[in-house]
Amino acid sequence: MNMTRSISTSQVVGADKAQRAGERRTGWLLLTPAFVLMNIVGFFPMVYSLYISLTNYNPTHGGIARFVGLKNYASAALDLQFWHAIGLTCVFVTLSVVSSLVLAVLLSLLFNLRYPGFFLLRTIILIPMLITPIAVGIVWRVMMMPDLGVLNYLLSIVGLQPQLWTSSASTALLSIILVDIWQWTPFMFLIVFAGISSLPKSPFEAAAIDGAGPIRVFFSITLPLLRPVIVIATLLRIVDAFRTYDTAFIMTRGGPDFATDLVSVYLQRVNFRFFDLGYGAALSWITLLIVTVIILIFTKLSGFTRIISEKEDR
């Protein structure tokens, strides 16, 4: 009798493992066409840009690319303007992502209460991320005009002093960060809210029986359960924030006094204003390396790899 039960149990476990293995193979099979296409489309440009970074290619100088080795990379190491742009971009990404994450979590907790009318409000909140960045930059640039902008008019109504917004070096970067938070907080809210909505109810019911308050429940139950979702949302947002170009260029074009000269704006100037494509390609590869290191550090500190491995072992 016991032998029969053990045999049936082992058969069930073996069948379950086989089913999971089949599901994994099916997933890889479905991803193969996209994986192959992305590598074909992306591999050649990356290799070619690496080659260009080792030359002095400039189409305005006859279009002849002469091999210069690591000279462009050595020049980049001494380019203070480039490192200034890298520093500004890191500040921009940190402030924007952290602020968006905090707002997304607070909004998700609020809308999880599911009061009447919240469905409509959730839809309205998602509108900013559906607008193209160029349109966002134009609209906010007009709104932030010192004399004719609606923001200074609203400040005057409540008795506050008007601001220069994008016209001052001390406030231009913060203005762009404000616009970026406004546009991309809905993206993080969408991910975090989906995570909160899928959390199990039993831990919260047990906490309510034990008399735990809302703050204790949030830090002891909600936040730990929501950690995988927060890590993934933050990772996606960090990668996207480093690529920010449209809004910053439309609003300030890197000014005033290079106060908003993000690395994307600087690379655009080197490549498409000065047409120094060899040096620009080298700067792009250095930027890619820096972003990769930052992502690896983030995944290490956040335990992202451990979260993925735990998900795969289930």
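**Close-ups of an all-helix predicted model**

**View 1. The whole chain, seen by its surface and its fold.** The accessible surface of the chain adds up to about 19,200 Å², and carbon and sulfur atoms own 72% of that. Keep in mind that this is a predicted model. Count the secondary structure and you get 13 helices and zero strands, so the pattern along the sequence reads α-α-α-α-α-α-α-α-α-α-α-α-α. Buried residues make up 36% of the 314 in the chain.

**View 2. Overall dimensions and long-range contacts.** How does the chain's radius of gyration sit against that of a compact globule of 314 residues? The chain has 25 Å, while the globule would be near 20 Å. Lay the C-alpha trace along its principal axes and it spans about 85 × 60 × 30 Å. Now look at contacts in the chain with a separation of 6 or more: 68% of them come from residues 24 or more positions apart.

**View 3. Charged side chains.** Here we have 22 positive side chains and 15 negative ones. Take the centre of each set, and the two centres lie 6 Å apart.

**View 4. An aromatic cluster with Y115 and F118 in it.** The structure holds 11 aromatic pairs. One of them is Y115 with F118, an edge-to-face arrangement with 5.6 Å from centre to centre and 80° between the planes. Is F118 buried or exposed? Its relative accessibility is 11%, and F118 counts as buried because the cut-off for that label is under 20%. Y115 and F118 also belong to one aromatic cluster together with F111, F189 and F193.

**View 5. Two tryptophans, W140 and W182, from two helices.** Another of the 11 aromatic pairs brings W140 and W182 together edge-to-face, at 5.5 Å centre to centre and with 65° between the planes. Which helices do the two residues come from? W140 lies in helix 5 (residues 133-143) and W182 in helix 7 (residues 172-197), so this pair ties together parts that are 42 residues apart in sequence. As for cover, W140 is buried at 10% relative accessible area, whereas W182 is partly exposed at 35%.

**View 6. The loop between helix 10 and helix 11, with a cis peptide bond.** Zoom in on G255 and P256: a cis peptide bond joins them, with omega at about -5°. P256 sits in the loop that runs between helix 10 (246-251) and helix 11 (263-272). F258 is found in the loop between helix 10 and helix 11 too. What is odd about the backbone of F258? F258 isn't a glycine, yet its phi is positive, at about 60°. With a relative accessible area of 41%, F258 is partly exposed, because that label covers values between 20% and 50%.

**View 7. The loop between helix 11 and helix 12, with F275.** Moving to the loop between helix 11 and helix 12 (277-302), we find F275. Though not a glycine, F275 has a positive phi of about 55°. Its relative accessibility is 33%, so F275 counts as partly exposed.

Notes: Residues are numbered from 1 along each chain as its sequence is written. This is a predicted model: local features need pLDDT of at least 70, side-chain atom pairs count only at pLDDT 80 or more; totals for chains, interfaces and linings use all residues. Side-chain values use heavy atoms; hydrogens and water are left out. Helices (H or I, at least four residues) and strands (E, at least two) are DSSP runs, numbered from the N terminus. The radius of gyration is taken over C-alpha atoms; the globule rule is 2.2 Å times the number of residues to the power 0.38. Buried means under 20% relative accessible area, exposed over 50%, partly exposed in between (1.4 Å probe, protein chains only). Contact means heavy atoms within 4.5 Å. Accessible areas come from the Shrake-Rupley method with a 1.4 Å probe; for residues, only the protein chains shown count as cover. Lys and Arg count as positive and Asp and Glu as negative; His and the chain ends are not counted. The place of a charge is taken as NZ of Lys, CZ of Arg, CG of Asp or CD of Glu. Rings of Phe, Tyr and Trp (its six-membered ring) pair if their centres lie within 6.5 Å; planes under 30 degrees apart count as stacked, over 60 as edge-to-face and the rest as tilted.
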